[in-house]
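Me: Please take a close look at one part of this protein. I would like to know how a single strand sits among its partners, and how far the model can be trusted.

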Amino acid sequence: MYTFLLQFLLKTKQTQESGFSLVVALGLGLFMVVTGATMILRSNDDQVASTLQQHNLENIAIAEAGLNRVLGVLRSDNNSLFLKLDYDPNNLLGSGINEWEDAAYADKRVLKTSVFDGGCSGNSGDVEVSVPSGLTANSTGDGNYELLAYDYNPQTNTGTFIVEGEFQDAQGNATQGTARLQASIYVDNYLDEVPTSFPGLFMENVIELGNNDISLIPNVSADPNEKSSVICAQCKFDTDKENACAVGISEADYQGYIHTDAMGGKSNSTLTNVIPRLGRPNLPDLPVAPQTITADLGNSAVDLPRDGDQTVSFDPDGAGPAQAYQAYVYKAGNLNVGKDGEKGGGQDKDWTIKTTNAPVIVFLSGDLTISGSRRIVHEGDFGDFAIFGKPDSGTGTASQNIRINGTASSTFFVYAPDAQVGINGGGNGDGMTGVIWGKIWDASSSNASGAVVNIPPGAPQALGNTFGMTFENVSLYTEKFQNSGVVEWERQEVTSLPQRTTN
């Protein structure tokens with residue numbers, strides 16, 4: 001159009017040279033004005049587009065920073081619980097439910113833990129978790145972000161977030177529009193184990209230590225700092241509850257109250273490399289005797305294995321036939337070692353167990369009593385000899401008794417969920433060497449000589465080598481969840497918020 005106008009002006013017939021020059025000058029001026037105006041308009045358009053693009057990048061940066069902060073909060077303390085719950089009040093991800101805040105889902109906001117507090121909080125174990133302040137909406141300092149939705153998919157173990165960000169300038173004014181970020185992560189379960197909480201001694205209902213000592217035998221060559229625990233599930237503070245539950249009490253004082261008050265430790269009772277705790281560790285299932293066993297001993301505590309005894313296939317943790325191994329497996333009723341001068345067939349001698357060829361397992365349906373100077377002598381590696389008792393009846397009383405009433409030390413691993421266990425006697429540092437899991441520990445309060453339970457070094461690994469990892473990885477724990485890094489991103493510009501509806 002501009003070329004046509006110039007040609008027209010040049011071809012126009014003029015009678016005077018000055019008039020012609022004026023027309024040409026006016027035409028060229030008009031051309032320059034139009035061209036300049038066009039360039040200014042195009043420049044303004046580019047500037048507006050650049051500004052909008054810059055604002056969108058700033059908003060996205062706020063959304064990304066907000067997502068990182070949300071993930072940081074969910075990783076801390078007990079907040080990982082919310083990684084398995086949905087927060088989608090506006091149905092942006094399809095669930096339309098708000099398990100984070102809706103009172104109807106309060107039972108889901110409970111974190112499973114095996115660590116108890118002796119009744120200090122009025123609760124035993126599981127902890128109800130509140131939504132952390134500022135989790136769903138907060139400021140980064142350069143702008144504001146809001147978590148609009150979170151959805152957990154149990155089929156794929158993924159969690160998806162939608163976070164909206166809005167940048168603010170130095171004066172605190174919001175820029176044009178907002179930006180949303182949709183991101184997905186993987187979510188995995190894990191047990192946050194309490195360190196050194198393997199139970200060298202565990203009782204479900206009662207621990208009354210009296211003057212019994214409990215000691216973890218030091219293993220200088222392996223780990224001189226190794227520790228174990230004595231743990232009770234239902235023990236509670238009584239006379240010293242106010243002091244034990246005081247706010248700000250030191251860990252050492254709290255453990256002292258557990259030892260003396262909740263577990264009844266008297267002045268002569270000492271704990272060496274052993275920590276007293278309250279809770280219920282993740283004990284493995286009680287093994288069951290295989291259909292084919294080596295022999296039924298009845299009430300005879302004869303030395304094992306006997307000549308001619310054969311090993312059988314034994315699967316202690318139910319992992320399947322591929323994990324089974326060969327062991328001498330026996331059933332027994334009531335076993336008396338040295339009681340009234342008798343042991344089984346009338347002999348007054350130690351009960352000797354040899355595991356140099358294969359482990360020895362005894363499934364005990366009755367009582368075990370060790371008296372006088374007699375003892376159980378285990379020749380072999382700890383963990384290769386075990387006594388499994390009756391399953392827990394679910395009542396407050398015990399249906400079995402496992403007692404040491406003499407003065408000599410016996411070595412074994414006992415897992416008897418319905419048994420009452422204890423030491424009366426066993427002075428001069430003797431008593432029991434091994435790991436004991438039962439229901440009630442008592443019959444020790446009259447013992448002023450300080451009978452000892454010695455926990456062997458490396459006991460968890462020894463039990464794991466024989467019975468599987470479920471016997472090795474025993475501890476107090478809190479069930480938590482962990483997330484991977486972001487595995488999928490989707491950014492979207494938002495100029496205004498959509499109309500929201502609430503359920």
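Reply: Start with confidence, since this is a predicted model. Of the protein's elements, strand 18 (residues 360–364) has the highest mean pLDDT, at 97. Strand 16 (residues 342–343) has the lowest, at 43. Around that low point, pLDDT is below 50 over residues 340–346. The model still gives this stretch 19 contacts beyond near neighbours in sequence. Residues 496–503 also stay under 50, with 15 contacts beyond four places in sequence. Where pLDDT is low, predicted coordinates should not be read in detail. For the whole protein, the mean pLDDT is 82. A value of 70 or more is reached by 77% of residues.

Now the strand itself. Strand 23 covers residues 410–415. Of its 6 residues, 5 are buried, so the rest of the structure largely encloses it. Strand 21 (residues 385–388) runs parallel to strand 23, joined by 3 bridges. Here Ile-387 stands opposite Val-414 of strand 23. Strand 25 (residues 431–441) also pairs with strand 23 in the parallel sense, over 6 bridges. In that pairing, Val-414 stands opposite Ile-436. Val-414 thus faces Ile-387 and Ile-436.

As for the setting, the protein has 6 helices and 28 strands. Its 503 residues are 46% buried. Among contacts between residues at least 6 apart in sequence, 70% join residues at least 24 apart. The exposed surface comes to about 24,400 Å², with 48% supplied by carbon and sulfur atoms.

Conventions:
Residues numbered from 1 in each chain as written. Predicted model: local features only at pLDDT ≥ 70, side-chain atom pairs only at ≥ 80, totals over all residues. Heavy atoms only, no water. Helix = DSSP H or I, 4+ residues; strand = E, 2+ residues; numbered from the N terminus. Buried < 20%, exposed > 50% of the residue type's maximum accessible area, 1.4 Å probe, protein only. Contact = heavy atoms within 4.5 Å. Areas by Shrake-Rupley, 256 points an atom, 1.4 Å probe, with all protein chains shown as cover. Pairing = 2+ DSSP bridges. pLDDT = per-residue confidence, 0-100.
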